[in-house]
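Q: Could you take me through this model and explain how its labels are earned?

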Amino acid sequence: MVKQSWENNLTESEILLGLPDFQFSGWERRGDRIRLSARYSGPRACAHCGSSAVRSRGRYRRLVRHENWGLRHCDLEIESWKLACRACGRQSRQRLPGILPWQRASQSFQEMIYRHHLDGINRSRLGRREGIGAATVERYFRRGLERQFREWHPPKCPVVLGIDEHFFTRRRGYATTFCDLRNRKVYDVALGRSEAALEPWLKRLEGKDEVKLVCIVSAGDKSLENAE
Ligand SMILES: [Zn+2]
């Protein structure tokens, strides 16, 4: 029996892949590597404007390096959607949880490299062991450090703050995105969209007294609401 208390809320796919919103479809051994296959099964949204008013333009496949299974190297083959957006008219590929666009490795593989290097395995040895270049080890390590640093020292709240809600996952429901509109950057994402759900996040928000303008993008008409 695999069911343990901590796993009760996870699907089989989440346990096998460590990622939400995928339907695990199989695995095969290729020499000394393992290839896992999965289909994206989460909500669909335009990568440009975030609208869920999209229609499918067919499927596409993507292959990324994923965290090791024991000592075996592991590749993850994902099948997902090409989308056409009714709201902005543009085409995009469905964004995938845990796998950033243009990356050749999943976030969890990059995190694994970060931790091994942090534990003292040097770049060239780690690169040889994992079949990647020493420069790639360095890049993943820097990203890991930056992420860690951001967790320890969250940036001050933007002066011009954009707030937008969007559907996150079926299980977790909605998420609210906070943007720095002056610098056109995402500042943070918090789960939930109600006042009660966001209150703990807002309480922690550093520098909120200095916010000059808040823009709320409503889901329906995308009008800007001045909530100064
Ligand atoms: Zn769009």
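A: Happy to; the model is a predicted one, and the turns below go label by label.

Q: Why is Trp102 called exposed?
A: Trp102 has 4 C-beta neighbours inside 10 Å. A residue counts as exposed at 12 or fewer, so with 4 Trp102 is exposed. Its place in the chain is the loop between strand S5 (91-93) and helix H2 (107-118). Although Trp102 is not a glycine, its phi is positive, about 70°.

Q: How do you know whether Arg184 is buried or exposed?
A: Count again: Arg184 has 8 C-beta neighbours inside 10 Å. The cut-off for exposed is 12 or fewer, so Arg184 is exposed. Arg184 sits in the loop that joins strand S7 (173-180) to strand S8 (185-191). Here too a residue that is not a glycine has a positive phi, about 50°.

Q: What makes the span of H2 close to the expected one?
A: H2 has twelve residues, and its first and last C-alpha atoms are 16 Å apart. The expected value, at 1.5 Å a residue, is 16 Å. The expected span takes one less than the number of residues, so the comparison for H2 is with that 16 Å, and the two are close.

Q: Which residues of H2 are buried, and what do they pack against?
A: The buried residues are Gln107, Phe109, Gln110, Met112, Ile113 and His117. They pack against strand S3 (54-69), helix H3 (123-130) and helix H4 (134-152). After H2 comes Gly120, with a positive phi near 110°.

Q: What makes S1 and S2 a pair of strands?
A: Strand S1 (residues 22-30) and S2 share eight bridges in the antiparallel sense. Pairing needs at least two bridges, so S1 and S2 pair. Within this pair, Gly26 stands opposite Ser37 in S2. The two strands form a hairpin with two residues between them, and Gly31 in the turn has a positive phi of about 65°.

Q: Which residues make up the largest nonpolar core, and which strand gives the most to it?
A: The largest nonpolar core has ten residues: Leu17, Leu19, Phe22, Leu36, Ala38, Tyr40, Leu76, Ile78, Leu96 and Ile99. Strand S2 (33-40) and strand S4 (72-85) each supply at least two of them. S2 gives the most, with three residues.

Q: What is Ala38 in contact with, leaving aside its neighbours within four places in sequence?
A: Its contacts are Ser13, Leu17, Phe22, Gln23, Phe24, Ser25, Leu76 and Ile78. A second, separate core has seven residues, among them Met112, Ile113, Leu126 and Val137.

Definitions and conventions
Residues are numbered from 1 along each chain as its sequence is written. This is a predicted model: local features need pLDDT of at least 70, side-chain atom pairs count only at pLDDT 80 or more; totals for chains, interfaces and linings use all residues. A nonpolar core is a set of buried Ala, Val, Leu, Ile, Met, Phe, Trp, Tyr and Cys residues joined through C-beta atoms within 7 Å. A residue is buried if 20 or more other C-beta atoms lie within 10 Å of its own, exposed if 12 or fewer, and partly exposed in between; C-beta atoms are placed from the backbone. Helices (H or I, at least four residues) and strands (E, at least two) are DSSP runs, numbered from the N terminus. Two residues are in contact if their C-beta atoms, placed from the backbone, lie within 7 Å.
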